[in-house]
Amino acid sequence: MSLRYGVVADGSLRIAHEKGEVKDRYWNPGHIFDEVHVITLADDDVTVELVQRVAGQAKLVIHPVGRPRVSNPLALRRRVLDVFTRCQPHVIRGHGPFLQGYYAVWAARQLGIPSYASIHDDVSIYRRFWTYGQGYAKITLYQLTMKALGWERYVYANADCLVPKYEAAARLIRGTRHRDKVRVIYNQIFLDRFQDQRPRLKEGDRLRIINVGRQFAGKDQRPLIRSLAHVDAELTLVGRGPFREAYAKTARKAGVQDGVTFIDRVANADLPKVFEGHHVFAINIIQPGVCMPVLEAMALGYPIVINEPRWGGSPEVCGGCADVVPGTPAGFATALSRFLADPDRVADQGRRSREVIPAYSGEAMEKKERDLILEMLSEHRVDGA
């Protein structure tokens with residue numbers, strides 16, 4: 001029997017392709033499916049050939065149904081159902097607990113098939129506002145609207161499973177009556193693409209720090225930049241975002257602009273080469289959970305310096321092997337100075353990173369998602385699962 005997978009994607013696949021974030025088998029874990037039908041809330045999208053790898057060996061079909069507008073949420077819902085009625089998936093995945101998740105779960109209910117929502121962000125609107133800052137007021141308004149309409153509650157109540165991508169989101173859901181639906185499956189990072197290139201720091205070397213990530217309120221690296229005034233170090237910032245100019249201004253005011261290098265964009269496949277020559281990955285992050293650059297740095301065998309989480313606890317995944325510091329210039333400077341005082345710590349901490357990361361490998365996470373899908377198919381008595 002031919003098994004078919006339905007997905008309501010988070011955004012246009014064109015954006016993922018342009019960012020170099022198209023991942024192998026992302027929507028076909030373990031090659032379960034023969035067909036993968038992806039709905040995107042866009043007016044058009046990329047050709048299948050550019051993103052085929054997300055479906056593995058399965059036939060991939062992309063269905064743009066139009067961009068969301070204030071006037072068309074119910075029209076889009078009907079288009080989503082029409083697409084899935086034609087292609088007859090056996091299970092549907094929605095991205096997030098809001099619009100995409102709602103469309104996916106609602107359509108699955110109409111068709112009498114299982115569904116699940118993968119949750120890639122914090123489920124607390126209060127924390128999200130602090131994470132993204134006032135410039136993201138429109139997103140906050142959109143999420144509040146989803147709550148007011150009851151669509152977020154609908155997802156939690158009617159999805160067969162809720163799959164947060166980190167524990168911080170899962171903890172809030174576990175405090176509700178939907179606790180038994182929660183399965184944490186971290187984002188995939190395949191270790192065969194990130195060979196151990198554990199750095200070495202020699203006596204007298206200048207410490208070279210790297211940071212990768214979107215430059216916005218949730219990942220505010222200004223404390224890290226200011227710490228350079230107290231350490232013999234230089235910093236490479238990879239990424240772009242609304243805080244770029246603020247970073248440059250902070251570097252100038254701290255008198256460290258000559259030690260800060262900006263790189264706008266790097267394809268995921270080229271990250272290992274960019275990391276070469278650096279000694280430490282450091283990040284100040286307000287968002288709860290763990291971001292992909294931390295996992296990638298650990299996979300490459302780099303020591304991690306990270307701030308204490310704003311909302312308590314320890315950093316996910318890396319907390320047991322990283323230098324966890326107050327998110328202040330002094331906090332970062334103290335941790336970075338320890339590497340200069342004891343250069344062997346760079347290799348030692350990098351080894352610990354590399355030892356921890358296999359438990360969170362893409363292979364392990366892919367198996368978890370595959371097993372989850374097969375379990376849902378079995379419970380719904382789908383032949384061929």
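# Exercises on a predicted model

R222 is partly exposed, with a relative accessible area of 24%. The model used here is a predicted one.

## Exercise 1: Salt bridges and burial

**Task.** State which residue D220 bridges to, and whether D220 is buried or exposed.

**Solution.**
- Step 1. Find the partner. D220 forms a salt bridge with R222.
- Step 2. Read the distance. The closest N and O atoms are 2.9 Å apart.
- Step 3. Recall the cut-off. Buried means under 20% relative accessible area.
- Step 4. Apply it. D220 has a relative accessible area of 12%, so D220 is buried.
- Step 5. Compare with the partner. R222 stands at 24%, and therefore counts as partly exposed.

**Task.** Do the same for D196: what is its partner, and how accessible is each residue?

**Solution.**
- Step 1. D196 pairs with R198 in a salt bridge, with 2.7 Å between the closest N and O atoms.
- Step 2. Partly exposed residues lie between the 20% and 50% limits.
- Step 3. D196 has a relative accessible area of 33%, so D196 is partly exposed.
- Step 4. R198 has 26%, so R198 is partly exposed.

**Task.** Describe the bridge of D371, then name the residues of a network.

**Solution.**
- Step 1. The partner of D371 is R370, and the closest N and O atoms are 3.4 Å apart.
- Step 2. D371 is partly exposed at 30%. R370 is partly exposed at 33%.
- Step 3. Now the network. R206, R208, D232 and E234 are joined into one network by salt bridges that share partners.
- Step 4. Set these in context. The structure holds 23 salt bridges.

## Exercise 2: The two sides of α3

**Task.** Work out how the buried residues of α3 are arranged around the helix axis.

**Solution.**
- Step 1. Place the helix. α3 covers residues 73-87 and has 15 residues.
- Step 2. Check its span. From first C-alpha to last, α3 reaches 21 Å, close to the 21 Å expected at 1.5 Å a residue.
- Step 3. List the buried residues of α3. They are L76, R77, V80, L81, V83, F84 and C87.
- Step 4. Look down the axis. These residues cover an arc of only 160°, so they lie on the same side of α3.
- Step 5. Recall a general point. An α-helix has 3.6 residues a turn, so residues three or four places apart point the same way.
- Step 6. Turn to the face away from the buried side. That face carries the exposed residues L74 and R86.
- Step 7. Ask what the buried residues pack against. The partners are β1 (4-8), β2 (35-40), β3 (59-64), β4 (91-95) and α4 (99-111).
- Step 8. Look past the end. Q88 follows α3, and its phi is positive, near 50°.

## Exercise 3: Repeat for α10

**Task.** Find the buried residues of α10, then say what covers them.

**Solution.**
- Step 1. α10 spans residues 244-254, and its buried residues are R244, Y247, A248, T250 and A251.
- Step 2. Down the axis, these fall within an arc of 160°, so they line one face of the helix.
- Step 3. On the other side of α10, E245 and K253 are exposed.
- Step 4. The cover over the buried residues includes α9 (222-227), β8 (233-238) and β9 (260-263).
- Step 5. Just after α10 comes G255, with a positive phi of about 75°.

## Exercise 4: Aromatic rings

**Task.** Classify the pairs Y102 with Y103 and F275 with F281.

**Solution.**
- Step 1. Start with the total. The count comes to ten aromatic pairs.
- Step 2. Take Y102 and Y103. Their centres are 6.0 Å apart, with 50° between the planes.
- Step 3. Planes under 30 degrees apart count as stacked, over 60 as edge-to-face and the rest as tilted. The pair Y102 and Y103 is tilted.
- Step 4. Check burial. Y102 and Y103 are both buried.
- Step 5. Take F275 and F281. This pair is stacked, at 6.2 Å centre to centre and 15° between the planes. Both F275 and F281 are buried.
- Step 6. Widen the view. Y102, Y103, W151 and Y154 form one aromatic cluster.

**Task.** Say which ring R93 lies over, and which ring R214 sits over.

**Solution.**
- Step 1. R93 lies over the face of Y26, 5.0 Å from the ring centre.
- Step 2. The charged end of R214 sits over the ring of F216, 5.9 Å from its centre.

## Exercise 5: One loop residue

**Task.** Locate I189, and say whether I189 is buried or exposed.

**Solution.**
- Step 1. I189 is in the loop between α8 (167-174) and β7 (207-212).
- Step 2. Its relative accessibility is 2%, so I189 counts as buried.
- Step 3. Look for contacts beyond four places in sequence. I189 touches F194, M292, L295, E296, A299, Y360, S361 and G362.

Key. Residues numbered from 1 in each chain as written. Predicted model: local features only at pLDDT ≥ 70, side-chain atom pairs only at ≥ 80, totals over all residues. Heavy atoms only, no water. Phe/Tyr/Trp six-rings, centres within 6.5 Å; stacked < 30°, edge-to-face > 60°. Buried < 20%, exposed > 50% of the residue type's maximum accessible area, 1.4 Å probe, protein only. Lys NZ or Arg CZ within 6 Å of the ring centre and 35° of its normal. Helix = DSSP H or I, 4+ residues; strand = E, 2+ residues; numbered from the N terminus. Expected span 1.5 Å × (residues − 1). Arc of directions from axis to C-beta. Contact = heavy atoms within 4.5 Å. Salt bridge = Lys/Arg side-chain N within 4 Å of Asp/Glu carboxyl O.
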